[in-house]
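Me: Can we talk through a few residues in this one?

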Amino acid sequence: MRRLNLGLALFVAGMALATPALAYRPFDGTDGDVADVGEFELEMGPAQFLSSPEGRYLMAPATVLNLGVAPGLELVVDFKDFVGLQTVVGQPRMRLLDTDIFLKGILRRGTLQGEGGVSMALEAGPLLPELGGTNGFGAQANLITSYRWDALSLHLNTSAALTRDHQLDGFVGLIAEGPHDWTVRPVGEVYTEHELGNATTYSALAGAIWQVRDGLALDAAVRYAAQPGNNDVEVRFGLTWGVALWHHQEKHE
């Protein structure tokens, strides 16, 4: 956590060097692009609300840290701090869940990189033990295929995982975004997820992203997820900030 705090401090100190950031909040999936080399992106939901049969929670914060470490490659760190709004027997009031570290690399340059055809990326890495959750390791790999038209962008996520409980899990999701050059663009996401031996979850999200300026975007969305006997409602508010921690010049022969 000290290293993460140091990264955040460097980010705040370098706000004047902000570079364009693409917000892939408020989704559960992601897009087929990565941060430029030396670019740090903070995706944060400072206080999101979740209501489920287990109880009501604030996710304060829900955080994704991205850092471009090489051309076409970024480091991704995720975690969510769940704060219970009511006492649940056998469950701590505060839990740090969905902890993981991934590497995400571009497999094919396409429309998201200003070139032709689909953009493809692979994101993979370990699922880390949770604080107050499942104390075990897992692994996940996600293939992302994206395409951008003038009026619409689509991002298909197909993921396979070995959960922290050592169960197989599959995830298929589709993100849709309105015109990329709009200051405020409507967005949506649908996905289905199935863990072996458990019920299938179906989820739908609707919201909007406001590109305030280069390096700063705000988002808001409502998500509804359903499985037999267990329906969740989630309200998401967040932001994405981007800053260049160092500059990289590509070599041209």
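The chat below takes up a buried acid, a loop residue and a surface patch.

Reply: Yes, bearing in mind that this is a predicted model, in which local features need pLDDT of at least 70, side-chain atom pairs count only at pLDDT 80 or more, and totals for chains, interfaces and linings use all residues. Residues are numbered from 1 along each chain as its sequence is written, and side-chain values use heavy atoms, with hydrogens and water left out.

Me: Where is Glu 123 found?

Reply: Glu 123 belongs to strand E6, residues 119-127 (strands are DSSP runs of at least two residues, numbered from the N terminus).

Me: And which side chain of opposite charge is nearest to Glu 123?

Reply: That is Lys 104, 5.0 Å away, and Glu 123 is buried (under 20% relative accessible area, 1.4 Å probe, protein chains only) without a salt bridge (a Lys or Arg side-chain nitrogen within 4 Å of a carboxyl oxygen of Asp or Glu).

Me: What is Glu 123 in contact with, beyond its sequence neighbours?

Reply: Leaving aside neighbours within four places in sequence, its contacts (heavy atoms within 4.5 Å) include Thr 30, Phe 102, Lys 104 and Gln 140.

Me: Switching topic, where does Leu 85 lie?

Reply: Leu 85 sits in the loop between strand E4 (73-84) and strand E5 (94-108), and its C-alpha is 5.6 Å from that of Arg 56, although the two are 29 residues apart in sequence.

Me: Which residues form the nonpolar surface patch?

Reply: Leu 156, Val 172, Leu 174 and Val 190 form it, with about 300 Å² of accessible area together (Shrake-Rupley method, 1.4 Å probe; patch residues have over 30% relative accessible area and no salt bridge, with nonpolar side chains joined within 5 Å).

Notes: Helices (H or I, at least four residues) and strands (E, at least two) are DSSP runs, numbered from the N terminus. Buried means under 20% relative accessible area, exposed over 50%, partly exposed in between (1.4 Å probe, protein chains only). Lys and Arg count as positive and Asp and Glu as negative; His and the chain ends are not counted. Patches are made of residues with over 30% relative accessible area and no salt bridge: like charges are joined within 9 Å, nonpolar side chains (Val, Leu, Ile, Met, Phe, Trp, Tyr) within 5 Å.
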